[in-house]
Amino acid sequence: DAEAGLDPYLLPGSFNNTWEPTIFDNLLAFDAKKVDFVPLLAKSWSQPQPTVYEYELRDDVTFHDGEKLDADDVVYTIKYLIDPSVKLRYKSNWAWIKSVEKLGQYKVRITSNTPVPDGMMWMAYNTSILPQHVHESLANKADFAARAIGTGPMKFTRIDKNAGIAVERYAGFKSSAGKKAAGVGRVVSEVVPDFGTLTAKF
């Protein structure tokens, strides 16, 4: 069965693991060949103190609905993840974060409770930035899964548990060292109820 939608935090699992990197972006990416962090949503970063991380965001990133990404989206996402009232299966992934603050339209500071060896790595994996203008207004955050608006190279045009999904290349995506534009224009995935039907379709 297909998932009812895509939410990197409320619906972790194989479906999310497959589509999250395509639909959403993190602040950083990690280049395994260079063995180093490279820009994604953040164009530069620093660690002025052992417990302080500062990120300068790109100013040319837009969500799939055309709204620009800025520091408010990053601050909102991190605050959502560390909010004690928000229940998440893997909430412990962000338990090291003490606070997050906006330093400017495109600059944020994350402060950790104590020095952590992998603070930046968490910003390169498993911390997709959400659109505040969409997510915050939802009374039931689970409703976001059916909309799944990100900044990644592909965007959903259909998310339906029974009919399947369809994604297309997001024309507004700008390549960076951390992620390139999509190489295909459209992908359609249909739900096939049984092996016989699957064989017939092939």
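This dialogue walks through several features of a predicted model.

Visitor: Where should I start with salt bridges, and how many are counted here?

Guide: Side chains of opposite charge can pair when their charged atoms come close. The count for this predicted model comes to eight salt bridges.

Visitor: Which side chain meets Lys179 in a salt bridge?

Guide: The partner of Lys179 is Asp25, at 2.6 Å from N to O. Lys179 lies in the loop between strand 8 (164–169) and strand 9 (186–189), and Asp25 in the loop between helix 1 (14–23) and strand 1 (28–31), so the pair ties together parts that are 154 residues apart in sequence. Both Lys179 and Asp25 are buried.

Visitor: Arg58 and Asp60 also meet in a salt bridge; is Asp60 buried or partly exposed?

Guide: Asp60 is partly exposed, with a relative accessible area of 28%. Its partner Arg58 is buried, at 11%. The distance between the two side chains is 3.0 Å, N to O.

Visitor: Which residues are linked in a network of salt bridges?

Guide: The network links Glu54, Glu56, Glu101, Lys107 and Arg109. Within it, Glu101 forms a salt bridge with Arg109, and their closest N and O atoms are 3.4 Å apart. Glu101 counts as partly exposed at 33% relative accessibility, and Arg109 is partly exposed at 24%.

Visitor: Now helices. What does the span of helix 2 say?

Guide: The span can be set against what is expected at 1.5 Å a residue. Helix 2 (residues 71–82) has twelve residues and reaches 17 Å from its first C-alpha to its last, close to the expected 16 Å. At the start of helix 2, a side-chain oxygen of Asp70 comes to within 3.0 Å of the backbone nitrogen of Asp72.

Visitor: Why is helix 2 described as largely enclosed by the rest of the structure?

Guide: Buried here means under 20% relative accessible area. Nine of the twelve residues of helix 2 are buried, so the helix is largely enclosed by the rest of the structure. Among the buried residues are Ala71, Val74, Tyr76, Ile78 and Leu81. The buried residues of helix 2 pack against strand 4 (52–57), strand 5 (97–104), strand 6 (107–112), helix 3 and helix 4.

Visitor: How would I read a single residue such as Thr127? Is Thr127 buried or exposed?

Guide: Begin with location, then cover, then partners. Thr127 sits in the loop between helix 3 (119–124) and helix 4 (132–135). Thr127 counts as buried, at 1% relative accessibility. Its side chain makes a polar contact with the side chain of Trp94 at 3.0 Å and reaches the backbone oxygen of Trp122 at 2.6 Å. Leaving aside residues up to four places away in sequence, Thr127 touches Tyr9, Asp25, Asn26, Ile78, Leu81, Trp94 and Trp122. Two names in that list appeared earlier: Asp25 is the salt-bridge partner of Lys179, and Ile78 is among the buried residues of helix 2.

Visitor: What does Arg169 touch?

Guide: Arg169 is in strand 8 and counts as partly exposed at 39% relative accessibility. Not counting residues up to four places away in sequence, Arg169 touches Pro153, Met154, Ala182, Gly183, Val184 and Gly185. A polar atom of the Arg169 side chain lies 3.1 Å from the backbone oxygen of Ala182. As a spatial reference, Arg169 and Glu20 are 149 residues apart in sequence and 14 Å apart from C-alpha to C-alpha.

Visitor: What is notable in the backbone at Asn126?

Guide: Look at the sign of phi and at the residue type. Asn126 has a positive phi of about 65° although it is not a glycine. Asn126 lies in the loop between helix 3 and helix 4, and it is partly exposed at 41% relative accessibility. Ala148, also not a glycine, has a positive phi of about 40°. Ala148 is in the loop between helix 4 and strand 7 (154–160) and is buried, with a relative accessible area of 2%.

Visitor: Last, which residues form a nonpolar patch on the surface?

Guide: The patch consists of Phe195, Leu198 and Phe202, which together have about 420 Å² of accessible area. Leu198 is in helix 5 (residues 195–201) and is partly exposed, with a relative accessible area of 31%.

How values were computed. Residues numbered from 1 in each chain as written. Predicted model: local features only at pLDDT ≥ 70, side-chain atom pairs only at ≥ 80, totals over all residues. Heavy atoms only, no water. Patch = residues over 30% accessible without salt bridge, like charges linked within 9 Å, V, L, I, M, F, W, Y side chains within 5 Å. Areas by Shrake-Rupley, 256 points an atom, 1.4 Å probe, with all protein chains shown as cover. Salt bridge = Lys/Arg side-chain N within 4 Å of Asp/Glu carboxyl O. Helix = DSSP H or I, 4+ residues; strand = E, 2+ residues; numbered from the N terminus. Buried < 20%, exposed > 50% of the residue type's maximum accessible area, 1.4 Å probe, protein only. Polar contact = N/O pair within 3.5 Å; in protein donor to acceptor, adjacent residues only side chain to side chain. Contact = heavy atoms within 4.5 Å. Expected span 1.5 Å × (residues − 1).
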